Amino acid sequence: MVAERLIRAHGLSRPRRRYEGRWVEGGIAGRQAAVLMPRTYMNNSGDAVSLAAKHKHIPTDRIVGIHDDMDFPFGVVRAKQGGGHGGHKGLKSIAARLGSDGFSR
């Protein structure tokens with residue numbers, strides 16, 4: 001899982017249960033960052049993301065959603081700012097709960 005690899009690679013502390021998921025804060029690439037691994041069903045990921053964003057005052061454009069995409073071959077990574085959910089129900093949930101699709105993915 002990408003989130004777990006980020007945590008290990010940057011020596012972040014063990015995630016704690018918060019915001020309907022596992023949450024950890026620390027430094028990544030010289031910047032303060034947080035990693036949230038929702039413990040909700042994927043289709044309800046927006047519940048955890050919006051709860052954390054609200055409590056930590058994180059603007060939508062500072063959120064990065066990491067997800068799978070069956071349209072790409074294994075190992076291919078693509079990044080973009082904003083846009084549609086492309087049928088991915090987790091992204092759809094996040095956009096709906098945040099009230100915006102302006103997050104990176």
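The questions and answers below concern the cores, a strand pair and an aromatic pair of a predicted model.

Reader: Which helix gives the largest share of the largest nonpolar core?

Author: The largest nonpolar core has 8 residues, namely Val-49, Ala-53, Ile-63, Leu-91, Ile-94, Ala-95, Leu-98 and Phe-103. Two elements, helix 2 (45–56) and helix 3 (89–98), each give two or more residues to this core. The largest share, 4 residues, comes from helix 3.

Reader: With which residues is Ile-94 in contact, leaving aside its neighbours within four places in sequence?

Author: Ile-94 is itself a member of the largest nonpolar core, as are Val-49 and Phe-103. Once the neighbours within four places in sequence are left aside, the residues in contact with Ile-94 are Ser-45, Gly-46, Val-49 and Phe-103.

Reader: Which residue takes a positive phi in the hairpin of strand 2 and strand 3?

Author: Strand 2 (residues 21–28) and strand 3 (residues 31–38) run antiparallel and are joined by 8 bridges, with Gly-21 standing opposite Pro-38 in strand 3. Between the strands of this hairpin there are 2 residues, and the one that takes a positive phi, near 55°, is Ala-29.

Reader: Why is the pair of Tyr-19 and Trp-23 edge-to-face?

Author: The structure holds 1 aromatic pair. The ring centres of Tyr-19 and Trp-23 are 5.0 Å apart and their planes stand at 80°, while planes over 60 degrees apart count as edge-to-face. Because the angle is 80°, the pair of Tyr-19 and Trp-23 is edge-to-face.

Reader: Are Tyr-19 and Trp-23 buried or exposed?

Author: The term buried applies to residues under 20% relative accessible area. Both Tyr-19 and Trp-23 are buried.

Technical notes. Residues are numbered from 1 along each chain as its sequence is written. This is a predicted model: local features need pLDDT of at least 70, side-chain atom pairs count only at pLDDT 80 or more; totals for chains, interfaces and linings use all residues. Side-chain values use heavy atoms; hydrogens and water are left out. A nonpolar core is a set of buried Ala, Val, Leu, Ile, Met, Phe, Trp, Tyr and Cys residues joined through side-chain atoms within 4.5 Å. Buried means under 20% relative accessible area, exposed over 50%, partly exposed in between (1.4 Å probe, protein chains only). Contact means heavy atoms within 4.5 Å. Two strands pair if DSSP finds at least two bridges between them. Rings of Phe, Tyr and Trp (its six-membered ring) pair if their centres lie within 6.5 Å; planes under 30 degrees apart count as stacked, over 60 as edge-to-face and the rest as tilted.
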